[in-house]
Amino acid sequence: MSTTFPNLFSPMKLGSLELKNRIVSSGHDTMLAEDGHIGPELVAYHKARAAGGAGLIVLQVSGVHETARYTNHVLMATDDSTTSGYSAVAEAVHAYDCKIIAQLFHPGREVMDGEGGMAPQAVAPSDSPQERFHVVPQRLSTSTIKEIIKGYGDSAARVTQAGIDGVEIVASHGYLPIQFCNPRINDRQDEYGGSAANRMRFLLESIQAARESVAPGCVVGLRISGDDLTADGMIESEFMEIIKAVDAQGYADYISVTAGDSSTLQGAQHIVPSMQYGAAYVSDLSAAAKKVTDLPVMVAGRINQPQEAEMILAQGKTDLCIMTRAMICDPEVANKAARGDLDSIRACIGCNQACIGHFQQGVGISCIQYPESGRETVFLPQPRVRTPRRLLVVGGGPAGLKAAAVAADAGAAVLLVEKEKRVGGQVHLAEKLPFRAEFGGAATNLEGEARRSGVQIMTNTGISTEIVDDFAPESVILATGSQDREMALELVDDPTIFTARSYLSGEPNLERGGVLVFDWKGDWAGLGTAVKIAEKRKVTLATAASFPGAAMQQYTRTAMMGEAIRRGVTFINDVRLVGLDADSAYLQSTLSYEVLTVDNVSTTIVSFAPRSVVPPVDFGACPVIRIGDCKAPRTVEEAVYEGLTAATRFVRDEALAESA
């Protein structure tokens, strides 16, 4: 047991299942399923978290009925062809004394995809429309309700017979079981509607079906929101009554508490909360649950560090801590915490860009700081180089730091040269934006990895022929980033104009009057700058995108847009900035030739397409690879990924040469 985290690393029992610690990876869609089946990529993904020390892994949702296909890639537990995949992932996880549970799922009206690109269709207790996906569901017949309940039992039997340790009924985030419980959605007047007892019947019968279908030693749990946190949603007191009823039924072994509701943008942001929300902010809801049940309780909601988990365990707010994104960012977080190696933990920054962001784009899960996540079969394990060949990395932003760290960790001799006083690049500008301070952790984490791997880092040093000649590299990676690009604008009367980068770098005092922020891309730079300035000035955010924050991950955008609205930011979409004078800005529609004038503009801040920077240095015959913004200006995710791929190519080429 860890002396630093005695509660976190104490064993715990769920029914007859004994966990070695209190660290849980909760069910989350990875987009790694293969035609509804578990394949090698998903097995490797969960194996990495088990090897990293997790006590319990909960698989992503498995559909229990043909009407449960909420996306085109969902895992299905409806026929025996799926069992080999469950067996494979169970075997992989059990090898590390980690337990594994499968989520059993029906979305009801929360359906995202339709067949062949058509609009989605869904079933629900009633035909109450869903706001977020704009779905009007079909009212379930009583016979189909009975089929779905039987599906919970059949699926529970199927996955546990394949070696999975238990099942978790998903009644969180407004999915089908809780739709029956919600009187604002369920207007039935039969045995599954009307009274509170009737509305809870579907959930309780589904739990019963699962319990009666599994062997005595298997675990049955319930995942439930403690509050929908949305207008007209279910509230804490209603959920506590449901938890009481589940406890009284006597079939469940644990309660997994989360927050939010899938049916609205306001509620959905809590499914995977961004860095705008504080650490362990949902723990008050798990504490409330512990007051109404003696069952073990686990909780999710921005528990990113072992210190945070230990604190809420010690306070008695929960019995287990869900640290899913922490393990996406660093699969070894449990092992590192257990041995007290806290400085090496790669902390999740809550950006949501490559985890839930990838899911919403329909691509496999990953992490902007650790692109190996979700790509374990491609990048891991990395070979080692016996002879430390020399690699020069020019530029210490995220791309250069990742490339240097990976190559040095594999045994290369790496020199990184950075012209600024500190490494990290534009990450240090991003962290100056409202609710974005944690983003700076990406630079801290990457620098720490590079230094621990043995990278020689020279800061405040521009690349030169002398450095190249002195180090004599055998390969060069250019990661020199990008710079501001001047816009072609018609300027009259010497208007005050800054780029977003120059404003954030110096934060000059702004003249009195309104501020126009022009946002070319629809990302954090434009929306974040507007929200920042709106604390003191009247701000208009004009964007060439179809809506503000269009390039941001949905939940992150929702949280920031809410703040922009509260601060009174005015929005103009589908426009380009074409001219400025002393007190006006001129915007042209991107959809027509119309020009819109915005008056009372004393200052304009522009977030426009940057330009790649390539240093005028002759590297001779040495092979040179460009990565990150130096290759093409994009985001941190592409920069870090290209750092990984460039270093991997270098290492594997060297390892191949040594073995030849």
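Here are two short exercises on a predicted model, each with a worked solution.

**Exercise 1: the cavities**

Find the cavities of 30 Å³ or more and describe what lines each of them.

*Solution.*
- Step 1. Begin with the whole structure: a search turns up 2 cavities at that cut-off.
- Step 2. Take the largest cavity, with a volume of about 690 Å³. It is lined by 44 residues, and those closest to its centre are Gly27, His28, Arg223, Ile271 and Val272.
- Step 3. Ask which elements give two or more residues to this lining: they are β4 (56-63), β6 (99-105), α11 (324-329) and α13 (356-361). The largest share, 4 residues, belongs to α11.
- Step 4. Sort the lining of the largest cavity by character, and you get 24 nonpolar, 14 polar and 6 charged residues.
- Step 5. Now turn to the second largest cavity, at about 100 Å³. Among its 14 lining residues, Cys348, Cys351, Asn352, Cys355 and Cys367 are closest to the centre. Its lining splits into 9 nonpolar, 4 polar and 1 charged.

**Exercise 2: the open sheet**

Work out the strand order of the open sheet of 5 strands, then place helix α15 against it.

*Solution.*
- Step 1. Follow the pairing, which is parallel, and read off β16-β15-β14-β17-β29.
- Step 2. Look for strands that pair on one side only: β16 (456-458) and β29 (624-626) are the edges.
- Step 3. Check the β17 (475-478) to β29 pairing, where 3 bridges join the two strands. One bridge partner to look up is Val624 in β29, which faces Val476 in this pairing.
- Step 4. Going from one strand to the next, the twist averages 15°.
- Step 5. Finally, add helix α15 (398-409): it lies across β14 (390-394), β15 (413-417) and β17, and runs at about 165° to β15.

Note on methods: Residues are numbered from 1 along each chain as its sequence is written. This is a predicted model: local features need pLDDT of at least 70, side-chain atom pairs count only at pLDDT 80 or more; totals for chains, interfaces and linings use all residues. Side-chain values use heavy atoms; hydrogens and water are left out. On a 1 Å grid over the protein atoms alone, a cavity is a set of points where a 1.4 Å probe fits but cannot get out, and a pocket is an open set with protein on both sides within 12 Å along at least five of seven lines; lining residues have an atom within 4 Å of a point. Grid points are joined across faces, edges and corners, and a volume is the space filled by probe spheres set on the points. Ala, Val, Leu, Ile, Met, Phe, Trp, Tyr, Cys and Pro count as nonpolar, Asp, Glu, Lys and Arg as charged, and the others, Gly among them, as polar. Two strands pair if DSSP finds at least two bridges between them. Axes are lines fitted to C-alpha atoms, for helices over the stretch in contact, and angles run from 0 to 180 degrees between N-to-C directions. Contact means heavy atoms within 4.5 Å.
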